[in-house]
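Work through the following exercises with the sequence and the structure side by side, and try each task before reading its solution.

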Amino acid sequence: PPIIRRADYQVPDWLVPTITLDVDLDPAATRVRATLEVARNGTHARALVLDGDGLEPLAVRVDGANADWHLQDGDLVVQLSGDTHLVETEVVIAPERNTQLMGLYASSGLLCTQCEAQGFRRITFFPDRPDVLSRYHVRMAADAERFPVLLANGDPVAAGLLDDGRHWAEWNDPFPKPCYLFALVAGDLQANRDTFVTRSGREVELGIWVRAADLAKTDHALHALKTSMKWDEDVYGREYDLDVFNIVAVDDFNFGAMENKGLNIFNSRYILADPDTATDYDYDGIAAVVAHEYFHNWSGNRVTCRDWFQLSLKEGFTVFRDQGFSADQGSAAVKRIEDVRGLRAAQFPEDAGPLAHPVRPDEYIEISNFYTATIYNKGAEVIRMMATLLGPQRFRAGSDLYFQRFDGTAATVEDFVSCMEEAGDIDLAQFRRWYTQAGTPRVTAQLRHEPGSARAQLSLAQAVPPTPGQPHKEPMVLPLRLKLFGGETGRALTEEQLVTLTDPAAEVTFDGLAERPVLSINRGFSAPVIIDAARTPADLAFLSAHDDDPFARYEAMQQLMLDTLVLSVATGRADHRAVVEAVGNTLRDAALDHAFVAEAVLLPSESFIGDQLAQVDPDAIFRAREALRAELGTALEREWRAAYDATEANRFEYSPAAKGDRRLRSVALGYIAASGANDAAALAFRQFERADNMTDRQGALVTLAGGTSDERVAALDIFYNRYSDNPLVLDKWFQVQALSQRDDTADTVAELARHRDFTLANPNRARALVGAFSVNQRAFHERSGRGYRFLADQLLALDKLNPQTAAKLLPPLGRWKRFDPARAALMRAELERLLAVPGLSKDMFEQASKSLD
Ligand code: HT7
Ligand code: ZN
């Protein structure tokens, strides 16, 4: 398959100022008539090329007459003589046979679209690129009984009945948009409605559209929508611009959600919630994704991307915006901890592996493979660093300038950075390397203290590792927030300062320090780097108790746990004393909020421990981690039980404090079970049965599912029977088992893949079983290699239905270089097996071939 290169970008030959779509909807045969006003862009004699994917033109007319056209690799090539023409095309498509879930497809009885990145070309012939912006007028017709609701982008214009049991509706979107933001929905839906009055007085009709039976589960999403609309006005000065804003929830969706102009389409898992079926994690995810898609109305829709290499322009910025929103709704420190944990779990391994790519990539084969943690989460960290360097006022000025200057256009990362530079009066020339160089920088920090002269010297050095195609790296701009604390008194010895490392190495001197200082560095995770600061267990334990930045306290505890575990994996000998003491101190500190305590006492994941090692030994890591868990459980059993009892609630409430209690309660339960206490399974089962909410119920189920008790089987059966008609909760049932630490998880997962409720056709279900299993380090890397075989088998089956979702599940197989030669050979063999299959999608080809390098 061809490689698309950023350097080859050319402006479009033809623009399409307006498009009228007439869509006669039917699941088996939908007729799409498109009328495009086309305008030659510049002086050239090139034909009009309209992208098409699987389309057959039934008619092509230019200015009302039959046209001179041909098909080339699925695209429609039309010879045109003048500078402006009216081009009409007609095609018939079959949404019910669309298993890729790109373009127009059917999901649980409704018809909906997904066009980002390149789905519009599966609906009609069009220049499917984000820098062609058009005004859309859409007329659709459908059976009135099966599809009583007809929605599209923009504002509704007119609607009426036809005489054959069908009805029609017309929608008009006044804002020019790229075709990836086009959407329509037809279905038997009901709306949870409300209004929002913008700060300039525009009244916006809001609607969250779902099946009637799900209506009661939409209040949280609606509340999150209104809160986000207000937040974007207050924090970024961004106001909504249409008279309606609709969200539709669908069951089959390749991603989390989609920001189509005025008509967001969501994976139902990011809309539907009630206490009985959704965890706090689900509730938080819903608010974050609702906010994210809403924020795209400005960062993505009003200002869009020139080409797909600029994807992080909208995604990195919008993630940064949604992170800020979520931080403002509860504990900012806990939110930062969660975001950093996510970055380390998903983005750091990506940056260290064969699929590493810069935040602004230089080339791709299939763009949907680039909706990655690097584009989204590292992209957000890059924006965060600019915000740190500029400070809040100048950052806001930069954002205002960007929105004002590029409103209604398709912009580049360079445009964004230039606005920050201009408004911030700052030189970001070297900083731009964050967009061009892949790989996670590593910073070594060494603090030396001379008591005699009361001076401390901090030596900093940075290195960016080689990544595919980038063997040599230049130094980056690394904003590091740091502070010194007195090792004996615990006093702050300095103010927090921002040291920006730009050279390969630098020295920072601190005077007037009679007391031995302890270094707190990269506070708030001010730079997305790996810090190697060689601090003793005692100093880390000290910081975990005394640092005045909660994030830094968490970091110190994590580092202490990591150092302990890495040593124990490497030497087989374990000294758990410092961790036990530090965790005990945290548990006994009554001033700490429970959500923070729950985060702080969690051990690093097996994968993250593996990331610290030259070669991953999954069994040794599992043993070392379990041993520490057991010791923490036993040594602090009194504290865990106290925490468990103190966090019992009478009634469900969704508030930061109640969420923190539930989180800590489940963590405490896990440690009580790890201690081997006789009553642990009974305790978990009691929690499972008495819970009035899914957080507590799932927390108990996770603990039981990892053990060998009789209660485990009972709880899994009860859970299944209770929720067998709720697909989102059944996903949890599959996922909990796929993540289990039991010895027989690989067998269980193979069995579950044959379960009557398992299907690869639904991406959520595929991810719940196959995706979860492949990140279960111990089970997936079982020495026999059957985990690898299982994944490859599932990928091959899924590739035939939905290549995009299949390709996104492949990366765990590509981590073979990190494992011992026997495992590496088995993993490579599966990648080679995939590549040898005739008809493999280009999505899978790109992921598998790059993973073999
Ligand atoms: N911008 C949206 C991306 C998206 C997507 C990409 C590939 C295939 C399917 C997709 N559905 C949605 C989501 C977002 O970042 O807001
Ligand atoms: Zn997004």
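**Exercise 1: the ligand shell**

Describe the surroundings of ligand 1, beginning with the residues that come nearest.

Solution. Glu 116, Asn 254, Phe 255, Met 258 and Ser 368 come nearest among the 15 residues around ligand 1, a residue being near a molecule if its C-beta atom, placed from the backbone, lies within 6 Å of it. Two or more residues of this shell are given by each of β20 (257-258) and α2 (280-295), where helices (H or I, at least four residues) and strands (E, at least two) are DSSP runs numbered from the N terminus. By class, the shell holds 5 nonpolar, 6 polar and 4 charged residues; Ala, Val, Leu, Ile, Met, Phe, Trp, Tyr, Cys and Pro count as nonpolar, Asp, Glu, Lys and Arg as charged, and the others, Gly among them, as polar. Domain 1 (4-188) and domain 2 (304-436) each supply at least three residues to the shell, with bounds from an automatic or database domain assignment.

The model is predicted, so local features need pLDDT of at least 70 and side-chain atom pairs count only at pLDDT 80 or more, whereas totals for chains, interfaces and linings use all residues. Residues are numbered from 1 along each chain as its sequence is written, while chains are lettered from A and ligands numbered from 1 in the order in which they are written.

**Exercise 2: a helix residue**

Is Arg 384 buried or exposed?

Solution. Arg 384 belongs to helix α5 (residues 373-390). Arg 384 is buried because it has 24 C-beta neighbours inside 10 Å, the cut-off being 20 or more other C-beta atoms within 10 Å of its own, with 12 or fewer for exposed and partly exposed in between, all C-beta atoms being placed from the backbone.
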